[in-house]
Amino acid sequence: MPVLEVSQVTKKFGGLTAVSDFNLSLEDGELVGLIGPNGSGKTTVFNLITGMYTPTSGVVRLSGEEIQGRKPHQIAQKGIARTFQNLRLFKNLTVLQNVTIARQMWSGYSFLAAALHTPAFRAEERKVRDESLDLLTLVGLGDKAYEKARNLPYGYQRRLEIARALALKPKVLLLDEPAAGMNPDESLSLMDFIQDIQEKFEVTIFLIEHHMDIVMGICPRILVLNFGCTIAEGDPEEIQANPEVIKAYLGEVQQ
Amino acid sequence: MAYFQGVMLIICVNLMGVLGVSLLTGFTGIFSFGHAAYMALGAYASAIVVTRMGMPFIVGLLAAGAVAALTSVVIGYPTLRLVGDYFAIAALGFGEATRLLLDNGGDLTGGPRGFGSIPKHTTLPIAFLIVVLGAILMRNILGSRFGRSFMAIREDRLAAEAMGIDTSRFRMISLAISAAYAGVAGSMFAHYLTFLQPSMFDMNKSTELASTVVFGGLGSLTGSIVACVILTTIPELFRPLYLWRMVFYGLALVSTIVLRPQGILGTYEVSIEGLKGLCRGKRAAAGVDKGGGRSCRS
């Protein structure tokens with residue numbers, strides 16, 4: 001059974017169809033890329049999967065359970081984590097706090113326990129904190145734990161956002177243009193980083209990337225979106241050879 | 001001496017209200033210009049329970065907190081759907097409506113003539129005890145998953161939602177706690193003055209609470225406390241100057257906004273360890289201050 005299954009999902013904003021009949025099936029442990037020109041509906045697909053938008057029609061299943069129409073926080077609790085195209089860190093909080101805020105989804109002490117700082121509360125807080133620090137060390141941010149998120153260099157902020165999403169212990173991780181705003185060198189090291197965390201955390205990854213060359217390097221399977229429609233799906237060679245994709249990216253020769 | 005004690009007591013009352021507003025505005029990022037109404041509801045609830053029903057003061061305090069919190073949930077349910085300035089405006093409207101309702105409350109509230117002969121229970125030690133308990137409780141909440149959720153909502157509501165935080169629910173919890181604090185403040189006030197009038201809880205009082213929190217620094221609990229002590233003391237220090245004293249109050253506020261827009265303490269918290277570090281050398285405090293940390297690479 002696929003971890004994430006999107007079938008026949010359509011989203012209309014008034015008369016505009018942002019995404020039409022989108023289908024996706026992610027098997028456990030896959031790394032799949034979603035590419036397409038600007039405005040082709042990539043981020044809309046993410047918003048539909050994570051509940052930020054409700055699909056006009058269609059079904060989204062996570063491990064067989066229908067999740068479309070649920071609130072974003074419910075979908076996060078069920079196991080889909082995401083990052084954002086324009087970084088959305090908790091900027092004025094520390095790196096550690098950013099991660100613990102995600103990790104604490106797994107701790108369920110009561111309000112009374114929190115107000116009175118009971119031993120059970122202390123134990124659980126320590127656990128969340130230790131796990132968050134371990135996670136930060138794993139992604140190479142261990143020595144930055146007490147810095148404010150906004151004081152990190154841009155590349156580290158991108159990593160922190162991924163670490164924060166991983167702290168939710170998700171089944172599926174959605175990365176929205178993780179290399180946006182990076183130079184080619186930085187992008188390459190980020191792609192290594194993504195492959196690395198996929199092995200370490202055994203998470204299924206679905207990522208949007210604007211730069212074709214980067215996504216070709218790490219994704220064994222790629223979907224191409226244009227004007228809300230899936231125009232191609234396959235491995236990097238098939239995508240590169242597909243005339244529809246070339247037309248979408250480069251335009252068509254007028255005869 | 002009695003005068004000095006009176007000022008201290010008013011500081012305690014204001015502190016209780018400011019702690020609540022600090023949670024809502026400083027830590028959850030929701031501005032409210034209607035918190036005087038929750039103080040008023042707490043004050044009248046407590047006065048009615050103790051004076052008319054003959055209950056002990058502690059029941060009055062609890063009733064005050066409960067009535068204010070419950071009202072905030074009823075009011076918050078529709079109005080918390082509004083974001084940003086619109087919620088603040090709705091809160092302002094609620095504040096004025098509450099004052100007018102109390103004005104027209106007939107025998108129950110005494111109307112504009114006021115509610116008199118409330119037994120005096122709020123002595124300085126009791127007020128101090130309540131505030132200290134309130135501050136400790138608030139600090140504990142802020143240091144838990146609840147506090148971090150509030151701060152996450154303040155920083156970025158959408159990202160908080162994507163991290164599995166039910167932001168609508170947590171905004172409501174924050175409002176209810178802050179209203180309960182304001183309600184308890186009202187109860188303390190009622191049993192100190194022994195007399196209540198709806199005009200005591202007008203928009204000025206709400207604005208005073210909100211501006212104290214901004215003055216101290218949004219996101220700093222100790223900042224709110226320091227600000228409350230300063231802003232309650234200034235008008236008293238300049239009392240011989242009659243109405244001119246409010247000019248100094250205004251001057252203090254305006255100069256903070258001009259010279260230190262992030263508030264007295266910014267988001268920095270004063271702690272015993274921090275103060276010890278400050279005594280050993282100023283290096284420790286300078287290291288924590290956020291100003292110097294901005295990286296040129298970002």
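## An all-helical chain B and its contact with chain A

The secondary structure of chain B amounts to 13 helices and zero strands, so this is a good place to start, bearing in mind that the model is predicted. Followed along the sequence, chain B reads α-α-α-α-α-α-α-α-α-α-α-α-α.

How does the overall size of chain B fit its length? A compact globule of 298 residues would have a radius of gyration near 19 Å, and because chain B has 19 Å, the two agree. Along the principal axes, the C-alpha atoms of chain B fill a box of roughly 65 × 50 × 35 Å. Of its 298 residues, 48% count as buried. Among the contacts in chain B with a separation of 6 or more, 76% are between residues 24 or more positions apart.

### Helix α8 and the core

Let us turn to one helix of chain B. Helix α8(B) covers residues 167-193, and its 27 residues reach 39 Å from the first C-alpha to the last, close to the 39 Å expected at 1.5 Å a residue. Is α8(B) mostly covered or mostly open? It is mostly covered, with 22 of its 27 residues buried. Just after the helix comes T194(B), which has a positive phi near 65°.

The largest nonpolar core holds 160 residues, and those touching the most other members are A163(A), M16(B), Y44(B), M163(B) and M188(B). The biggest contribution to this core comes from α8(B), with 14 residues. In soluble globular proteins, nonpolar side chains tend to be buried together. Leaving aside residues up to four places away in sequence, Y44(B) touches L102(B), T109(B), F115(B) and L196(B).

### Where the chains meet

Chain A gives 30 residues to the contact and chain B gives 27. On the chain A side, the elements that provide two or more residues are α2 (72-78), α3 (95-103) and α4 (111-116). By class, that side has 16 nonpolar, ten polar and four charged residues.

### Strands of chain A

Chain A has strands, and β1(A) pairs with two of them, as the table shows.

| Strand pair | Sense | Bridges | Opposite residues |
|---|---|---|---|
| β1(A) (4-13) and β2(A) (16-26) | antiparallel | seven | K11(A) and V19(A) |
| β1(A) and β4(A) (57-62) | antiparallel | five | S7(A) and V59(A) |

What links β1(A) to β2(A)? They form a hairpin with two residues between them, and G14(A) in the turn has a positive phi of about 60°.

Terms used
Residues numbered from 1 in each chain as written. Chains lettered and ligands numbered in written order. Predicted model: local features only at pLDDT ≥ 70, side-chain atom pairs only at ≥ 80, totals over all residues. Contact = placed C-beta atoms within 7 Å. Helix = DSSP H or I, 4+ residues; strand = E, 2+ residues; numbered from the N terminus. Nonpolar A, V, L, I, M, F, W, Y, C, P; charged D, E, K, R; others polar. Expected span 1.5 Å × (residues − 1). Buried ≥ 20, exposed ≤ 12 C-beta atoms within 10 Å, placed from the backbone. Core = buried A, V, L, I, M, F, W, Y, C linked by C-beta atoms within 7 Å. Pairing = 2+ DSSP bridges. Rg over C-alpha atoms; globule rule 2.2 N^0.38 Å.
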